[in-house]
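The following exercises concern the secondary structure, surface and side-chain contacts of one model. Each task is followed by a solution in steps.

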Amino acid sequence: EMSGVWDVAMAASEPIIKVCLVSAIGWVCSRDDVGILNKATRGSLSRLNVNVLLPSFLFMRMVRTASVEALLKWWPLPMFVFFNLLFGWALGRLLLFGVHVPRPQQGVVLAVTAIGNCGILPLALVSAACAPAVRGKFGEFDEDECVV
């Protein structure tokens with residue numbers, strides 16, 4: 001029984017360790033005294049990651065796992081996201097009415113309040129959701145049911 005808990009803990013911590021390792025390597029490479037990545041290169045890599053790599057990764061994960069059955073099973077999720085955005089937009093409208101934000105900044109205020117906390121999913125935790133060590137501990141697992 002204790003080895004099962006250890007296997008689950010290791011499967012859950014593996015993606016976190018990978019992220020910490022990559023972050024540490026990036027920090028060392030970006031230091032000025034090491035001189036591998038200068039400020040312009042760091043900015044270019046950041047834009048490349050946010051604008052190209054992350055959307056591509058998320059799209060490929062969605063394409064691989066999307067099906068009509070999965071959409072029917074998970075239909076509330078897009079609805080909740082929509083209502084979250086709608087509620088944030090309504091709060092932004094109330095804020096604009098009460099605080100009298102200048103006209104040029106009103107769009108920014110509406111966007112920030114509408115989007116709110118709809119940030120990027122923690123990708124390290126997403127990859128742990130279907131870890132092989134966890135699969136065997138909770139019964140038979142079908143790869144097609146792992147919709148991440």
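**Exercise 1.** What span should the 27 residues of helix α2 (residues 39-65) have at 1.5 Å a residue, and how far apart are its end C-alpha atoms?

*Solution.* The model is predicted; local features need pLDDT of at least 70 and side-chain atom pairs count only at pLDDT 80 or more, whereas totals for chains, interfaces and linings use all residues. Residues are numbered from 1 along each chain as its sequence is written, and side-chain values use heavy atoms, with hydrogens and water left out.
- Helices are DSSP runs of H or I with at least four residues, strands are runs of E with at least two, and both are numbered from the N terminus.
- The expected span is 1.5 Å times one less than the number of residues in the helix, which for α2 gives 39 Å.
- The end C-alpha atoms of α2 are 38 Å apart, in agreement with that value.
- α2 nevertheless bends by about 40 degrees at Asn 49; the bend is the angle between axes fitted to the seven residues ending there and the seven starting there.

**Exercise 2.** How many helices and strands does the protein chain contain, and what percentage of its 148 residues is buried?

*Solution.*
- The protein chain has 7 helices and 0 strands, in the order α-α-α-α-α-α-α from the N terminus.
- Relative accessible area under 20% is buried, over 50% exposed, and in between partly exposed (1.4 Å probe, protein chains only).
- By these limits, 16% of the 148 residues are buried.

**Exercise 3.** Which residues form the 2 salt bridges of the structure?

*Solution.*
- A salt bridge requires a side-chain nitrogen of Lys or Arg within 4 Å of a carboxyl oxygen of Asp or Glu.
- Lys 18 and Glu 14 satisfy this, with N to O at 3.5 Å; both belong to helix α1 and are 4 residues apart, about one turn of the helix.
- Glu 14 is partly exposed because its relative accessible area is 42%.
- Arg 31 pairs with Asp 33, their closest N and O atoms lying 2.9 Å apart.
- Arg 31 is partly exposed at 32%, whereas Asp 33, at 59%, is exposed.

**Exercise 4.** Is Cys 29 buried or exposed, and how many disulfides are counted?

*Solution.*
- Cys 29 has a relative accessibility of 18% and therefore counts as buried.
- Cys 20, at 49%, counts as partly exposed.
- A disulfide is a pair of cysteine sulfur atoms within 2.5 Å, and the count is 0.

**Exercise 5.** Where is His 100 found, and what is its phi?

*Solution.*
- His 100 is in the loop between α4 (76-99) and α5 (103-115).
- Its phi is positive, about 60 degrees, although His 100 is not a glycine.
- Most residues other than glycine have a negative phi.
- His 100 has 64% relative accessibility and so counts as exposed.
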